[in-house]
Amino acid sequence: MKRVLSYLLLSVFAASASAQEIDPTAESRELMGDDNPAFFWETRGEALWKEARGPKKANLSQCDLGLGKGVVAGAYAKLPRFFADTAKVQDLESRVLTCAETLQGITPAEMLKVRFGNGDDQRSEMEAITAYLVSTSKGAAMQVSMKHPKEKAAYALGEQIFHYRSGTHDFSCATCHAESGKRIRLQALPNLTAKADAQKAYVTWPAYRISQGELRTMEWRLNDCFRQQRFPDLQYGSEAAVALTMFLAKNADGGVLEAPTMKR
Amino acid sequence: MSDPMRIRASVVGDKVEVKVLMAHPMESGLRKNADGSIIPAHFIDRVVASCKGKTVLAADWGPAVSKNPYLSFRFSGAAKGDMVSVTWTDNKGDTRTDEAAIA
Amino acid sequence: MTPIHVSRRKFLSAASKFGAALAVLPLLRPFAAFAATERNTAAFSAKSMSDVIKAYGGADAKESTEITITAPEIAENGAVVPVTVESKIAGTRTISVLVEKNPAALSARFEIPEGTDAYAATRVKVGETSNLIAVVQTADGTFYAQKPVKVTLGGCGG
């Protein structure tokens with residue numbers, strides 16, 4: 001009886017504490033203001049986008065991100081989507097890889113020499129280009145098409161991967177991200193199957209990751225979630241990566257893009 | 001080569017508010033590489049901001065200022081269109097100066 | 001933007017530490033003994049507020065409610081803690097930002113020329129839960145305020 005009572009008391013205490021401290025680090029973020037070092041990646045990315053490079057000495061200004069050749073602003077809000085020229089559903093990163101190869105003659109391997117940057121000596125061009133492109137869609141609402149059968153298929157595959165339990169820890173994305181109110185230490189975990197959380201999570205990537213001093217993209221976020229689940233490496237721009245992105249992007253429909261943001 | 005700073009200077013009331021972001025690793029000299037070797041200290045140790053030939057802020061920094069440093073300050077005696085210039089120097093002797101017009 | 005109060009006991013203990021430190025100083029260096037461009041390496045390797053103040057030739061720091069430190073109660077990440085210091089003390093010449101438990105206490109020291117507000121905002125590394133201390137020097141002396149900042153371990157984030 002005593003034990004039951006103390007358990008009850010404890011759980012009441014825990015409940016009231018968590019109600020007060022839903023987001024104990026909100027103040028910290030608030031005080032950071034809008035001076036975001038992501039700016040440096042955006043600037044570099046814009047330069048890379050506009051610079052004539054590669055064997056074809058061309059820039060990327062003729063790249064079609066879905067809204068027509070050369071249209072950058074707002075494109076990210078409608079990605080991933082089906083592209084007729086590649087007959088594939090592509091997300092932003094995989095589309096940029098296609099453009100770099102076709103327009104500039106730069107191979108994906110070359111573009112991905114540094115997938116995820118590490119300091120000034122190992123800068124990732126893809127992170128910079130992604131930061132720039134996403135920044136031009138700031139304020140646009142997510143609106144992902146599900147009209148094409150391949151778009152529907154990509155969403156379905158993404159949903160399946162999201163719930164797929166595997167690895168040494170019998171984990172899935174859903175283990176952490178399919179229930180509201182979960183957290184790791186002080187970090188609230190978004191429920192990516194619930195609209196509000198899914199929107200908030202999606203529209204805030206890419207982000208300048210304070211703990212790493214680096215800009216990180218959605219591609220990195222997924223890759224790192226796979227690592228944390230002890231899954232095999234998620235191949236950059238792969239069908240699986242695009243499908244998972246499709247699932248998350250579609251669930252975020254209506255969310256207004258804020259990225260690049262700053263995260264812990 | 002270091003990235004240009006982002007300097008935003010704007011008139012707020014009768015003052016000029018300046019916000020600066022600098023691209024710099026601000027390496028403390030206390031961290032280790034994967035191989036166990038110490039990553040040498042590399043940080044901005046001096047910042048000077050000026051406007052119309054007058055120093056409006058100067059600072060000595062140590063390696064505990066965060067990576068990609070942020071600095072904000074306010075001063076009087078300048079107007080829209082005047083240039084604010086910021087110079088940083090690091091412990092390796094590298095330096096960079098950028099400027100922006102007051103908006 | 002709440003002013004910082006230090007308990008009397010804490011203040012007395014801090015004051016007595018200064019007293020002890022001062023006793024071994026043969027001669028006080030005059031204020032601003034260092035040229036503006038000459039880096040004060042002693043200050044930047046000092047472990048405590050009193051040693052930082054000493055390195056700049058100051059002494060007998062008084063707690064002041066006219067110094068406001070704005071910083072989060074709980075830092076989202078110790079690598080980047082936003083901190084703003086504003087001093088309402090007349091004739092503020094320098095503002096120093098210290099992190100009590102960092103390997104070297106002094107993070108940054110701002111020189112405030114005539115015409116510039118006694119105000120500085122920056123972001124500093126805070127290695128562990130610690131007091132942030134703002135030290136203000138004027139022609140009349142040295143003043144300080146402090147504010148605790150909790151540093152937490154992160155989750156995977158996102």
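**Group meeting: a walk through three chains**

Okay, let's start with chain C: if you take its contacts between residues at least 6 apart in sequence, 67% of them join residues at least 24 apart. One thing to keep in mind throughout is that this is a predicted model.

So what is chain C built from? You'll find three helices and nine strands in there. Follow the sequence along and the helices come before the strands, in the pattern α-α-α-β-β-β-β-β-β-β-β-β. Chain C has 158 residues, and buried ones make up 44% of them.

Now let's see where chain C meets chain B. How many residues does each chain put into that contact? Chain B brings 23 residues and chain C brings 27. On the chain B side, the elements giving two or more residues are β4 (54–61) and β5 (70–75). Of the elements on that side, β4(B) gives the most, with seven residues. And if you sort the chain B residues that touch chain C by kind, you get 13 nonpolar, six polar and four charged.

Have a look at β5(B) while you're there. It pairs with strand β7 of chain C, residues 119–124, in the antiparallel sense and over two bridges. If you want a spot to zoom in on, find B:S72, which stands opposite C:A121 in β7(C).

Right, over to chain A. Its mean pLDDT is 89, and 92% of its residues reach 70 or more. But go to residues 1–21 of chain A, and pLDDT stays under 50. For that stretch the model has zero contacts beyond four places in sequence. Where pLDDT is low, the predicted coordinates shouldn't be read in detail.

Last stop: helix α7 of chain A, residues 149–163. Here's a little check you can do yourselves. With 15 residues at 1.5 Å a residue, α7(A) should span 21 Å, and its end C-alpha atoms are indeed 21 Å apart, so the two agree.

Which residues of α7(A) are buried? They are A:A154, A:Y155, A:G158, A:E159 and A:I161. Those residues cover an arc of only 165° around the axis, so they sit on the same side of α7(A). It helps to remember that an α-helix has 3.6 residues a turn, so residues three or four places apart point the same way. And what covers the buried residues of α7(A)? The cover includes β2 (88–90) and α11 (239–251), both of chain A.

That's my tour, thanks!

How values were computed: Residues numbered from 1 in each chain as written. Chains lettered and ligands numbered in written order. Predicted model: local features only at pLDDT ≥ 70, side-chain atom pairs only at ≥ 80, totals over all residues. pLDDT = per-residue confidence, 0-100. Contact = placed C-beta atoms within 7 Å. Helix = DSSP H or I, 4+ residues; strand = E, 2+ residues; numbered from the N terminus. Nonpolar A, V, L, I, M, F, W, Y, C, P; charged D, E, K, R; others polar. Pairing = 2+ DSSP bridges. Buried ≥ 20, exposed ≤ 12 C-beta atoms within 10 Å, placed from the backbone. Expected span 1.5 Å × (residues − 1). Arc of directions from axis to C-beta.
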